[in-house]
Amino acid sequence: MDRFDAVVIGAGVVGASVAYRLAERRQRVCVLDRGGIAGGTSSASAGQTSAQARPPGPLLDLALASIETLRGLSKELGFDIEYVESGGIIVAEDAGECDLIRR
């Protein structure tokens, strides 16, 4: 029977990322998923990482760190992951929302 240092449940974006980073650290990893890689919720996310609607704090910090990781991932993996940075728009419906967006 195979022995593993870690078992990751779910092969979505988070599970696959965790497994990849553990394997980088020479851990023997088993990934379990009832479907295919990124076949569940991750496939429905349209591959978006957005920082523009996040208020300052941990969620914004995480989104910005994710973007930095994606910027270098093609080079790290040795193939094009087809990451494209594009813009977006946030519409303020009133003056209060406009002030929030400015902050």
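**Exposure, salt bridges and overall form of the chain**

Reader: What is the relative accessible area of R54, and how is R54 classed?
Author: The model is predicted, and the value for R54 is computed from it. Buried residues lie under 20% and exposed ones over 50%. R54 falls between these limits and is therefore classed as partly exposed, with a relative accessible area of 40%.

Reader: Where is the place of R54?
Author: Two elements frame this residue: strand β2, residues 29-32, and helix α2, residues 58-77. R54 belongs to neither, for its place is in the loop between β2 and α2.

Reader: Which residues is R54 in contact with, leaving aside its neighbours within four places in sequence?
Author: The side chain of R54 also reaches the backbone oxygen of S50, at 3.1 Å. S50 is not among the residues sought, as the question sets aside neighbours within four places in sequence. With those set aside, R54 is in contact with L59, L60 and A63.

Reader: How far apart in space are R54 and I101, C-alpha to C-alpha?
Author: In sequence, R54 and I101 are 47 residues apart. In space, their C-alpha atoms are separated by 9.5 Å.

Reader: In what order do the elements of the protein chain run from the N terminus on?
Author: The protein chain has 3 helices and 2 strands. Read from the N terminus on, the order of these elements is β-α-β-α-α.

Reader: What should helix α1 span, and how far apart are its end C-alpha atoms?
Author: Helix α1 covers residues 13-24, which makes 12 residues. The expected span is 1.5 Å times one less than the number of residues. For helix α1 this gives 16 Å, and the distance between its end C-alpha atoms agrees, because it is also 16 Å.

Reader: Which residue of helix α1 forms a salt bridge with E24?
Author: An α-helix has 3.6 residues a turn, so residues three or four places apart point the same way. E24 and its partner both lie in helix α1, 3 residues apart, or about one turn. The closest N and O atoms of the pair are 3.0 Å apart, and the partner is R21.

Reader: Which residue in helix α2 forms a salt bridge with R21 in helix α1?
Author: The closest N and O atoms of this pair are 2.8 Å apart. The pair links distant parts of the chain, its residues being 55 residues apart. R21, E24 and R25 are linked in a network of salt bridges with this residue, E76.

Reader: How far apart are the closest N and O atoms of E85 and R71?
Author: E85 is in the loop between α2 and α3, whereas R71 is in helix α2, 14 residues away. E85 is partly exposed at 47% relative accessibility, and R71 is partly exposed at 46%. The two form a salt bridge, with the closest N and O atoms separated by 2.5 Å.

Reader: How many salt bridges does a search of the whole structure find?
Author: Side chains of opposite charge can pair when their charged atoms come close. One of these pairs is E24 with R21, and another is E85 with R71. Over the whole structure, the number of salt bridges found is 6.

Reader: What radius of gyration has the protein chain?
Author: Along its principal axes, the C-alpha trace spans about 65 × 30 × 25 Å. A compact globule of 103 residues would have a radius of gyration near 13 Å, but that of the protein chain is 18 Å.

Definitions and conventions. Residues are numbered from 1 along each chain as its sequence is written. This is a predicted model: local features need pLDDT of at least 70, side-chain atom pairs count only at pLDDT 80 or more; totals for chains, interfaces and linings use all residues. Side-chain values use heavy atoms; hydrogens and water are left out. Helices (H or I, at least four residues) and strands (E, at least two) are DSSP runs, numbered from the N terminus. Buried means under 20% relative accessible area, exposed over 50%, partly exposed in between (1.4 Å probe, protein chains only). Contact means heavy atoms within 4.5 Å. A polar contact is a pair of N or O atoms within 3.5 Å; within protein, one must be able to donate a hydrogen and the other to accept it, and residues adjacent in sequence count only if both atoms are side-chain atoms. The radius of gyration is taken over C-alpha atoms; the globule rule is 2.2 Å times the number of residues to the power 0.38. A salt bridge is a side-chain nitrogen of Lys or Arg within 4 Å of a carboxyl oxygen of Asp or Glu.
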